[in-house]
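Colleague: I am new to reading protein models and would love a guided tour. Could we go through this one together?

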Amino acid sequence: MALCNRVRSRISLFNSAGFLTSQRSTLQRSLVAPSIPLASRDYASVPGQKNDKVKVPLALFGVSGNYASALYIASVKAKAVEKVESELLQFVEAVKGSAKFSLFMKDLSVAKNVRVKAFQDICGAAKFSDVTKNFLVIVAENGRLKNLDKIAKRYAELAMAYKGEVKATVTTVVPLPPEEEKALKETLQEIIGSGAKVNLEQKIDPSILGGLVLEFNQKVFDMSIKTRAQQMERVLREPVSIANI
């Protein structure tokens, strides 16, 4: 909470000082990643540390997946996986409280040096670790701030795998009663095994009409009334063969 408050405080100072006013750059900035592969860049330098290869526990794709994977490799080497996760998620949450700063992050017309200076000051005031600070500065340099929320979510998935946790999401029309949530979590734990801990997240979606949709280990089990009704509708629409009657 204290960290989140420090970030919010620093963002407010930028707002009041007019620091976030958009500045048109005279050079057209590229939206692609830099020529040096992102995963090969060091976000933190640990003296005397061997350059051991770090295996990413989940295969993530796209811009957010690539950045999250690179950050994971750096944080594992720095032995700061959970600290970076906490700092990154709290930063994203703090940004949501400032509409002006959120616009600043998405505005690619803001000069690169302005973006970088803003993040250097914010990270310094929040006392972020070197890994988080250097990563945010690189994201700002590359014009990828608009992807930061997705990057943070992908990184959280990697951090969860690092801690031996499996994220499971259950979608229902109304919240599950505590006893049903506990029973579902125990069932998932039996399926996954004792080698990992289940982290169950509930989502509410009235559009599924009833039943539930369960997602874990990149698998989806759709047991919703909506899907069953759609399946029944397709069956009823199929032509009837007299020969089979």
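Here are some questions and answers about this predicted model.

Colleague: Let's begin with the sheet. In what order do the strands of the open sheet lie?

Modeller: Strands of a sheet pair through backbone hydrogen bonds, either parallel or antiparallel. This open sheet has 4 strands, and its pairing is mixed. Its edge strands, each pairing on one side only, are strand S2 (197-204) and strand S4 (219-224). Read across the sheet, the order is S2-S1-S3-S4.

Colleague: Do S1 and S2 run parallel or antiparallel?

Modeller: Look at the bridges between them: 8 join S1 to S2. One place to look is Thr169, whose bridge partner in S2 is Glu201. The direction in which S1 and S2 run is parallel.

Colleague: And in which sense do S3 and S4 pair?

Modeller: Strand S3 covers residues 211-216, and 6 bridges link it with S4. You can find Glu215 standing opposite Val220 in S4. The sense of the S3 and S4 pairing is antiparallel.

Colleague: Which strands does helix H8 touch?

Modeller: Helix H8 spans residues 178-192 and packs on the sheet. Its direction makes about 135° with that of S2. The strands touched by H8 are S1 (165-172), S2 and S3.

Colleague: Helix H9 lies across S3 and S4, doesn't it? At what angle to S4 does it run?

Modeller: Find residues 225-237, which form helix H9. That helix lies across S3 and S4. Its angle to S4 is about 80°.

Colleague: How many residues of S1 are buried?

Modeller: A residue counts as buried under 20% relative accessible area. By that test S1 is mostly covered. Of its 8 residues, the number buried is 6.

Colleague: Now to the helices. How are H2 and H7 oriented to each other?

Modeller: Two packed helices are described by the angle between their axes and the distance between the axes. The axes of helix H2 (residues 62-77) and H7 come within 8 Å and cross at roughly 45°. That angle is neither under 35 degrees nor in the 65 to 115 range. H2 and H7 are therefore oblique.

Colleague: What is the handedness of the crossing where H2 passes H7?

Modeller: Many side chains meet here, so to speak: among the residues in contact are Tyr67 and Leu71 in H2, and Ile151 and Leu158 in H7. The crossing of H2 past H7 is right-handed.

Colleague: Is Ser98 buried or exposed?

Modeller: Ser98 sits in the loop between helix H3 (81-95) and helix H4 (99-106). A polar atom of its side chain lies 3.2 Å from the backbone nitrogen of Phe101. With a relative accessible area of 7%, which is under the 20% cut-off, Ser98 is buried.

Colleague: Is Asn147 buried or exposed?

Modeller: Asn147 also belongs to a loop, the one between helix H6 (130-141) and helix H7 (148-162). Its C-alpha atom and that of Lys106 are separated by 8.6 Å, with these positions 41 residues apart along the chain. Because its relative accessible area of 15% is under 20%, Asn147 is buried.

Colleague: Is Lys79 buried or exposed?

Modeller: Most residues other than glycine have a negative phi, and most peptide bonds are trans. Lys79 has a positive phi of about 55°, and its place is the loop between H2 and H3. Since its relative accessibility of 73% is over 50%, Lys79 is exposed.

Note on methods:
Residues numbered from 1 in each chain as written. Predicted model: local features only at pLDDT ≥ 70, side-chain atom pairs only at ≥ 80, totals over all residues. Heavy atoms only, no water. Helix = DSSP H or I, 4+ residues; strand = E, 2+ residues; numbered from the N terminus. Buried < 20%, exposed > 50% of the residue type's maximum accessible area, 1.4 Å probe, protein only. Pairing = 2+ DSSP bridges. Contact = heavy atoms within 4.5 Å. Axes fitted to C-alpha atoms, helices over the stretch in contact; angles between N-to-C directions. Polar contact = N/O pair within 3.5 Å; in protein donor to acceptor, adjacent residues only side chain to side chain. Parallel < 35°, antiparallel > 145°, perpendicular 65-115°, else oblique. Left-handed = near helix turned anticlockwise from the far one by under 90°.
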